[in-house]
Structures are given as structure tokens and as C-alpha cells.
Amino acid sequence: MASWAGAIVHIGPCGAGHKMKLLNNFVSLGYAALYSEALALSRKVGISVDQFDSVIRGSRMDCGFYQTFMGYAVEGNREAHKFTLTNALKDLRYLEAMADSVALSNPVGNAVKNSFALASAAGGSGPEDYVPHLVDYIARQNGLD
């Protein structure tokens with residue numbers, strides 16, 4: 001059986017894989033929201049994106065998602081991580097509904113969702129507006145260009 005995934009993991013009955021996908025995307029999109037806000041703050045306090053990257057890259061905080069995200073933030077590679085802001089927001093809304101269905105308080109999930117909702121409302125809803133581009137929307141919301 002051919003697959004594009006690096007690993008296939010059986011999670012459980014029908015629907016469990018979708019729930020796990022939402023959880024996985026929540027974690028990765030949470031990273032995107034954190035990176036975007038951290039980069040805006042670093043710039044506001046006089047630390048460049050390159051300086052920020054030189055500390056994180058290769059440290060314990062480095063990971064594959066960080067590298068593809070920063071492929072845009074540092075190198076300007078618009079296609080370093082091709083998952084749209086619109087798809088991210090959709091998944092975060094599904095995550096919110098999943099949390100609501102089990103009466104789970106979800107403040108971090110909602111904060112992450114709101115970062116993507118603001119970007120989408122500011123024009124980041126096109127087919128080539130990818131998750132790493134969130135860094136631009138957060139920057140603009142904070143008076144940076």
C-alpha cells in the first residue's frame with residue numbers, strides 16, 4: 001500500500017483518525033501562532049528575525065515545523081509550508097466544535113483560532129496564503145511591515 005505519510009498509525013474506530021488529525025494540526029498551528037507573535041515582538045524590541053532564528057535553530061526548540069515555517073519568515077520561500085490559512089482556520093473551528101462536544105474548556109485553541117481568523121479577515125483567505133504567512137498578518141496588526 002502506497003502512502004504519502006511518513007508513518008501510518010492506527011488510532012481507533014472510525015472517526016478517531018480525524019480527531020487525531022485535528023489534534024495534530026492544533027499543535028502545529030499553535031506553533032505557527034506562537035512563532036508569528038514572537039517574531040513580531042522580537043522585532044518591536046529590536047531583535048531581528050535573523051537573530052531570533054540564530055538562537056532557536058539548532059536548539060531544543062527547533063523542529064521540522066519550525067524549519068518550514070522559518071523557510072518563509074527568514075528565506076522568503078512562499079511555498080516552504082503549503083497549507084492554507086483558510087484550511088488552518090477550518091481545522092481550528094472543527095477542533096473548537098470537538099472540544100465543545102465534550103464540554104472541554106479550550107482557551108488556547110480559541111486563541112490560536114483567533115490568530116488565524118484575524119489573518120483571514122485581513123485578506124489571508126486566498127489559495128496561496130499559507131500558514132507561514134501568518135507572520136505577516138501578525139506583524140501588520142502590530143504596526144510592522
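Start by selecting helix 6: its buried residues pack against helix 1 (16–44), helix 3 (64–73), helix 4 (85–101) and helix 5 (107–121). Keep in mind as you click around that this is a predicted model.

**Stop 1: inside helix 6**

Helix 6 itself covers residues 134–141. Show the side chains of Leu134, Val135, Tyr137, Ile138 and Ala139, which are the buried ones here. Now slide past the end of the helix to Gly143, which follows helix 6 and has a positive phi, near 75 degrees.

**Stop 2: Leu134 and its neighbours**

Go back to Leu134 and pick out what it touches. Leaving aside residues up to four places away in sequence, Leu134 is in contact with Ala32, Ala33, Ser36, Leu85, Ser115, Phe116 and Ala119.

**Stop 3: the core**

Which residues touch the most other members of the largest nonpolar core? Select Phe69, Phe116 and Leu134: those three hold that spot in a core of 28 residues. Helix 1, helix 2 (49–56), helix 3, helix 4, helix 5 and helix 6 each put in at least two residues. Helix 1 gives the most to this core, six residues. So that's Leu134 turning up twice on your tour: buried in helix 6, and among the core residues that touch the most other members.

**Stop 4: Lys90**

Jump over to helix 4 and select Lys90. Is Lys90 buried or exposed? Neither, quite: Lys90 is partly exposed, because its relative accessible area is 31%, and the partly exposed band runs between the 20% and 50% cut-offs. While you're there, draw a distance from the C-alpha of Lys90 to that of Ala122; the two sit 32 residues apart along the chain and 16 Å apart in space.

**Stop 5: zoom out**

Switch to a cartoon of the whole protein chain. You'll find six helices and zero strands, which read along the sequence as α-α-α-α-α-α. Turn the C-alpha trace around and you'll see a span of about 50 × 35 × 30 Å along its principal axes. The radius of gyration is 16 Å, which agrees with the value near 15 Å for a compact globule of 145 residues.

Take contacts between residues at least 6 apart in sequence: 68% of these join residues at least 24 apart. Buried residues make up 37% of the 145 in the chain.

Finally, put on a surface. About 8,700 Å² is exposed, with carbon and sulfur atoms supplying 58% of it. Colour by charge as a last step: the chain has 12 positive and 13 negative charges, and their mean positions are 5 Å apart.

Technical notes:
Residues are numbered from 1 along each chain as its sequence is written. This is a predicted model: local features need pLDDT of at least 70, side-chain atom pairs count only at pLDDT 80 or more; totals for chains, interfaces and linings use all residues. Side-chain values use heavy atoms; hydrogens and water are left out. Buried means under 20% relative accessible area, exposed over 50%, partly exposed in between (1.4 Å probe, protein chains only). Helices (H or I, at least four residues) and strands (E, at least two) are DSSP runs, numbered from the N terminus. Contact means heavy atoms within 4.5 Å. A nonpolar core is a set of buried Ala, Val, Leu, Ile, Met, Phe, Trp, Tyr and Cys residues joined through side-chain atoms within 4.5 Å. The radius of gyration is taken over C-alpha atoms; the globule rule is 2.2 Å times the number of residues to the power 0.38. Accessible areas come from the Shrake-Rupley method with a 1.4 Å probe; for residues, only the protein chains shown count as cover. Lys and Arg count as positive and Asp and Glu as negative; His and the chain ends are not counted. The place of a charge is taken as NZ of Lys, CZ of Arg, CG of Asp or CD of Glu.
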